[in-house]
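Morning, everyone. I'll walk through one model today, piece by piece. Have the structure open and follow along.

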Amino acid sequence: LVCTLTHARPEVADYPFTTRMPMPGMMNYQNVQIQLVDLPPVSAEFNEPWLPQVLRMASMGVLVVDVNDPSVLDEIELITERLAAWRVPTPRLLVGNKVDLEGGRDNFSALEDLYGPRFQCLAASALTGENLDQFARAVFDALEIVRVYTKAPGKKPELTSPYVLRRGSTVLDAARHVHKDFAEHLKFARLFHVAGGHDGLMVERTHVLEDEDILELHI
């Protein structure tokens, strides 16, 4: 997945434990760069001693499994138990990889029936690229972030480099990201939308922003 979605080139082979060190790569999703980190597997035989701390530092985890592995159920339970022992949050997203292989879709359906209540389940194939766009969107949504663009009065907005804020952020939070002077001297802002409609509406500093809002800041 990391190879397909980023420019990183971790070692990939048909045998386990090929990944021994963290391998980061940047996935682009609609003008947002999201860092993916390929990590060694959590296993009963051996775990890198630094792995729990790396997991705690991540914004979220994605559990990637081979849907055709006969021991996949035992592995999922082992991983969730090990994460609980490490006091690491359980991943919200479970990706069933290799659904392109014979029997893969049926195996994924069985996994989804079992684990659908615990995880958001997504079928994918790193080899064919199937559903990788849905994977990127699922990660974006799970991170609970919003993209905010800015524009100067009388000019068009720049829609290629958004400010990335936490969901629930306000106009004042966005102003702080632009420049501290904007936050200190902000008088008001006008709100525009990428899709148009109700453009130019004056909003207060405490107005909560939504994804792809466009702000015109006045100081």
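One term before we start: two strands count as paired here if DSSP finds at least two bridges between them. With that in hand, take strand 6, residues 145-150, and strand 7. Four bridges join them, and they run antiparallel. Val148 stands opposite Tyr163 in strand 7. Keep in mind throughout that this is a predicted model.

Now step back to the whole chain. We have 219 residues, and 39% of them count as buried. The chain holds seven helices and 10 strands. Its C-alpha atoms fill a box of roughly 60 × 35 × 35 Å along the principal axes. Look at contacts between residues at least 6 apart in sequence: 60% of them join residues at least 24 apart.

Start at the hairpin. Strand 1 is residues 23-29, strand 2 is residues 32-38, and they pair antiparallel over seven bridges. Met27 stands opposite Ile34 in strand 2. Two residues sit between the strands. One to remember is Gln30, in the turn, with a positive phi of about 45 degrees. We'll meet Gln30 again.

Next, the parallel sheet. It is open, with three strands in the order 3-4-5, and the pairing is parallel. Which strands stand at the edges? Strand 3, 62-66, and strand 5, 120-123. Each has a single partner strand, so one side of each is left without a neighbour in the sheet. Neighbouring strands here are turned by 20 degrees against each other on average, ignoring direction. Strand 4, residues 93-97, is joined to strand 5 by four bridges. Leu94 is the residue opposite Cys121 in strand 5.

Helices pack on this sheet. Helix 3 lies across strand 3 and strand 4, and runs at about 160 degrees to strand 3. Helix 4 touches strand 3, strand 4 and strand 5. Its direction makes about 175 degrees with that of strand 5.

Those two helices also pack on each other. Two packed helices are described by the angle between their axes and the distance between the axes. What are the values for helix 3 and helix 4? The angle is about 35 degrees, and the axes are 12 Å apart. For reference, helix 3 is residues 72-85 and helix 4 is residues 104-115. The crossing is right-handed. Who meets whom? From helix 3, Val72, Leu73, Ile76 and Glu77; from helix 4, Leu111, Leu114 and Tyr115. By class, that contact has six nonpolar residues, no polar ones and one charged.

Moving along the chain, helix 5 covers residues 132-142. Its buried residues include Leu132, Phe135, Val139 and Phe140. Alanines are buried there too: Ala136, Ala138 and Ala142. Just after helix 5, Glu144 takes a positive phi of about 55 degrees.

That brings us to the other open sheet. Five strands, order 7-6-10-8-9, mixed pairing. Strand 7, 163-166, and strand 9, 201-203, are the edges, and each pairs on one side only. The twist averages 40 degrees from one strand to the next.

Let's spend our last minutes on two residues of strand 6. Arg147 sits in that strand. Is Arg147 buried or exposed? Buried: the cut-off is under 20% relative accessible area, and Arg147 has 1% relative accessibility. Here is Gln30 again: its side chain makes a polar contact with the side chain of Arg147, at 2.9 Å. So what else does Arg147 touch, leaving aside neighbours within four places in sequence? Among its contacts are Val32, Arg137, Phe140, Pro162 and Tyr163. Four acidic names are on the list as well: Glu210, Asp211, Glu212 and Asp213.

The second residue is Val148, also in strand 6. Val148 counts as buried too, at 1% relative accessibility. Beyond four places in sequence, its contacts are Pro162, Tyr163, Leu165, Ala174, Leu209, Asp213 and Leu215. How far from Val148 is Glu210? The two are 62 residues apart in sequence, and 7.8 Å apart in space, C-alpha to C-alpha.

That's the tour. Happy to take questions.

Notes:
Residues numbered from 1 in each chain as written. Predicted model: local features only at pLDDT ≥ 70, side-chain atom pairs only at ≥ 80, totals over all residues. Heavy atoms only, no water. Axes fitted to C-alpha atoms, helices over the stretch in contact; angles between N-to-C directions. Left-handed = near helix turned anticlockwise from the far one by under 90°. Contact = heavy atoms within 4.5 Å. Nonpolar A, V, L, I, M, F, W, Y, C, P; charged D, E, K, R; others polar. Buried < 20%, exposed > 50% of the residue type's maximum accessible area, 1.4 Å probe, protein only. Polar contact = N/O pair within 3.5 Å; in protein donor to acceptor, adjacent residues only side chain to side chain.
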